[in-house]
Amino acid sequence: MSETAFVTGGPYPVREGNRLELLLDGEAAFERLCQTVEGATHYVWAAITFMWPAFEFPQGRGHPLAFLHRAAERGVEIRLLFWRPDEETASLRKNAFWGAPEHLGQLESLHPKLHVRWDRAAPGFCQHQKLWLVDTGEASSSAFLGGLNLNPHSLARPGHRGAGQNHDLYAELRGPAVADVQHNFVQRWNGASERDGGERRGADLPFPVQLPPRAETATVQIRRTTAPHRYDGGPAPIGGQPLDGAAGERTIFVQYLQAIRQARRSIYLEHQYLEVPELVEALRGALKRGVEVAVVLPATPDVPASAYVTPERRALFEARAALGEFPTFSLVGLAGQDDTGQRRAVWIHSKIMLIDDQWGTVGSANLHRFSMFGNGELNAAFCDAAVARAFRTELLAEHLALDTSALDDVEALRLLRRVAAGNRARLEQGNSAWQGIAVALKIGQYVQGGDPLTAGL
């Protein structure tokens, strides 16, 4: 795997000289984010999909709006871009800050430098980017991106002691590629579907005109899903190409497909779903080449048996189940212990792929048709052996309670398969004393209620 896995199309070019750090699970990720915001001197911008009414930042910092109000009071300009669900997605308003009258009431008492716009998606889709930018345009600027929602279930520590927990992550990015995250935010802010209506909505933003200084050694490329006819192209990013607004952008899908096809040793996936036929077929091709493939999905899937009703869906699930025919394939779930010692399924909300201990992609995009072809999504693809290996080592340290830093990528994924299988045997015996939290799943029965052992977690 090399930098040839990067996509040649799309607005954003490959940027060298970046620093990328994995922030594993919500407690650590939100703590770092809050510390960075508390150190901000100029700007804090965020694109937010969901914000649970009950969510509060760690260490008593309170609700996000109250926390950001305090930053605004000391002179920091705050810009928040929220998703407004349409009628097609009205069921998702429950945990979204979507501009209801009570939401507008919450904003009335906040500092006037806290600006808010709402942005609709294409009908039936979602503005799903979850990103934060701190001190854009400054030498110290940073970006946070990944899958984390402002959700109390995501306030978890590695190991997931307790019940009702999400496993998730952010990546903190510094260096030239931050300018492309900034460009994406400006494009969305200026083109937001609801951007007029007084001082609270804020003025339009200028696009970045210079890159932040180099940080470390990671090569990074920002990738997106953008629906057709959603935004005007606007100015091109520095050294890049303007967005074709009429066509939109699907470079995340192209990136996943291209990277899987180029894998030669190992593929590690952590995702909420695996429901894109083209990517399932690409994984099958990798397995035929002898690539070691490990997929971490929720132990109790959000895929009911009724999903088989159409021929297309049946074909997808059958093709996915057939991956289990290969000896180098493993499907793994996570289950921590509650206060009584019982194992409880952990919901996988992370969205990351690592290939050959050299290359990876992390961001907001799920592996389903919504994220690939219609949602608003943002990922960072990267090439750096030290970063990819560090990410893999940290993830497996949580899942296995073992240090795999001395193992190569193939040996590490084989160890994951063995430990998960051992924990599966313990689960069948009613023994909750596992090695780590990984448990083997049966891909052929991966629908709700299909695997009676994991369905009871």
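Here are four short exercises, with worked solutions, on a predicted model.

**Exercise 1: A pair of rings**

Work out what kind of pair the rings of F253 and F373 form, and which helices the pair ties together.

*Solution.*
- Let's start with the setting: the structure holds 18 aromatic pairs.
- A pair of aromatic rings is described by the distance of the centres and the angle of the planes.
- For F253 and F373, the ring centres are 4.9 Å apart and the planes are at 65°.
- Planes over 60 degrees apart count as edge-to-face, so the pair of F253 and F373 is edge-to-face.
- Now find the helices: F253 lies in helix α5 (residues 251–262), while F373 lies in helix α8 (residues 369–373). The pair therefore ties together parts that are 120 residues apart in sequence.
- Last, check how covered each residue is. F253 has 12% relative accessibility and counts as buried, because buried means under 20%. F373 has a relative accessible area of 23%, so this residue is partly exposed.

**Exercise 2: More rings, plus some charges**

Find which residues ring pairs link into a cluster with W132, and which rings have the charged ends of R93 and R230 over them.

*Solution.*
- Go for the cluster: ring pairs link W132 with F30, F55, F57 and F67.
- Next, look at R93. Its charged end sits over the ring of W98, 4.5 Å from the ring's centre.
- Then turn to R230, whose charged end sits over the ring of Y231, at 4.7 Å from the centre.

**Exercise 3: Two helices side by side**

Are helix α1 and helix α2 roughly parallel or roughly antiparallel, and which residues make their contact?

*Solution.*
- Pick out the helices: α1 covers residues 26–38 and α2 covers residues 64–73.
- They pack at an angle of about 25°, with their axes 10 Å apart.
- Angles under 35 degrees count as roughly parallel, so α1 is roughly parallel to α2.
- On the α1 side, the contact is made by C34, V37 and E38; on the α2 side, by F67, L68 and A71.
- Sort these contact residues by type and you get five nonpolar, no polar and one charged.

**Exercise 4: The surroundings of A412**

Decide whether A412 is buried or exposed, and list what A412 touches beyond four places away in sequence.

*Solution.*
- Locate the residue: A412 is in helix α10 (residues 409–428).
- Its relative accessibility is 0%, so A412 counts as buried.
- Leaving out residues up to four places away in sequence, A412 touches R392, L396, T404 and L407.
- Take R392 from that list: R392 and A412 are 20 residues apart along the chain, and their C-alpha atoms are separated by 8.7 Å.

Technical notes:
Residues are numbered from 1 along each chain as its sequence is written. This is a predicted model: local features need pLDDT of at least 70, side-chain atom pairs count only at pLDDT 80 or more; totals for chains, interfaces and linings use all residues. Side-chain values use heavy atoms; hydrogens and water are left out. Rings of Phe, Tyr and Trp (its six-membered ring) pair if their centres lie within 6.5 Å; planes under 30 degrees apart count as stacked, over 60 as edge-to-face and the rest as tilted. Helices (H or I, at least four residues) and strands (E, at least two) are DSSP runs, numbered from the N terminus. Buried means under 20% relative accessible area, exposed over 50%, partly exposed in between (1.4 Å probe, protein chains only). A charge sits over a ring if NZ of Lys or CZ of Arg is within 6 Å of the ring centre and within 35 degrees of the ring normal. Axes are lines fitted to C-alpha atoms, for helices over the stretch in contact, and angles run from 0 to 180 degrees between N-to-C directions. Angles under 35 degrees count as roughly parallel, over 145 as roughly antiparallel, 65 to 115 as roughly perpendicular and the rest as oblique. Contact means heavy atoms within 4.5 Å. Ala, Val, Leu, Ile, Met, Phe, Trp, Tyr, Cys and Pro count as nonpolar, Asp, Glu, Lys and Arg as charged, and the others, Gly among them, as polar.
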